[in-house]
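Open the model in your viewer with a cartoon representation and keep the selection panel at hand.

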Amino acid sequence: MGIDADLSISVRADPEIIWGLLVDPSTWEGWWRGCVAARSTDGRTLREGSELEVVLQPKLQKFTFKPIVDLMTENRTLSLTHRSPIVQTTTVWYLAEKPDRTQVDLQTVFNGVLPFLMSILQQRRSVQLIMKKNLQGLRRVAERSAMD
């Protein structure tokens with residue numbers, strides 16, 4: 001038993017601005033709620049095969065994830081996968097350009113012991129709320145950048 005989150009948001013910014021925020025982990029602390037550090041191990045922007053270290057602190061406990069970019073396409077799809085003994089996650093971002101905005105879709109799947117326990121403790125909704133806040137943060141930063 002895992003936890004899935006499928007969310008979308010409309011952003012009044014060019015896809016290049018949003019894409020720039022997604023592929024540069026140094027920006028993640030500015031829009032990703034609970035992200036206290038994020039970097040690619042080579043210090044560069046993301047590309048397929050990039051390894052990352054992401055430190056999240058949703059409440060009191062810090063968690064370090066080491067995802068790998070397993071898919072990155074020209075049409076702005078980015079997939080990150082993390083595997084550890086207690087949790088396996090895959091997060092996929094899709095950007096779709098619309099006439100006056102960009103549609104951002106986010107799909108995340110959590111599997112393993114930790115998500116199983118969270119499901120039992122009825123924390124599914126909490127995960128979805130956190131992901132929604134991440135999307136809202138991304139929108140806020142992207143729209144501010146679009147105005148500059």
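The stops below cover two sheets and a surface patch.

This is a predicted model, in which local features need pLDDT of at least 70, side-chain atom pairs count only at pLDDT 80 or more, and totals for chains, interfaces and linings use all residues. Residues are numbered from 1 along each chain as its sequence is written, and side-chain values use heavy atoms, with hydrogens and water left out.

Start with the five-stranded open sheet, whose order is β1-β8-β7-β6-β5 with antiparallel pairing. Strands here are DSSP runs of E with at least two residues, and helices are runs of H or I with at least four, numbered from the N terminus; two strands pair if DSSP finds at least two bridges between them. Select 3-11 and 68-73: these are the edge strands β1 and β5, each pairing on one side only.

Next select 77-83 and 88-97, strands β6 and β7, which pair antiparallel over seven bridges. Within this pair, Thr81 has Thr90 of β7 as its bridge partner.

Move to the open sheet of three strands, ordered β2-β3-β4 and paired antiparallel. Its edge strands are β2 and β4 (63-65), each pairing on one side only. Select β3 (residues 52-56): three bridges join this strand to β4, and Val54 has Phe65 as its bridge partner there.

Then select Arg33, in the loop between α2 (28-31) and β2 (35-40). Add Lys59, Arg125, Lys132 and Lys133 to see a surface patch of positive charge. Patch residues have over 30% relative accessible area (Shrake-Rupley, 1.4 Å probe) and no salt bridge, with like charges joined within 9 Å. A salt bridge would need a Lys or Arg side-chain nitrogen within 4 Å of an Asp or Glu carboxyl oxygen.

Definitions and conventions:
Patch = residues over 30% accessible without salt bridge, like charges linked within 9 Å, V, L, I, M, F, W, Y side chains within 5 Å. Lys, Arg positive; Asp, Glu negative; His and termini not counted. Charge placed at Lys NZ, Arg CZ, Asp CG, Glu CD.
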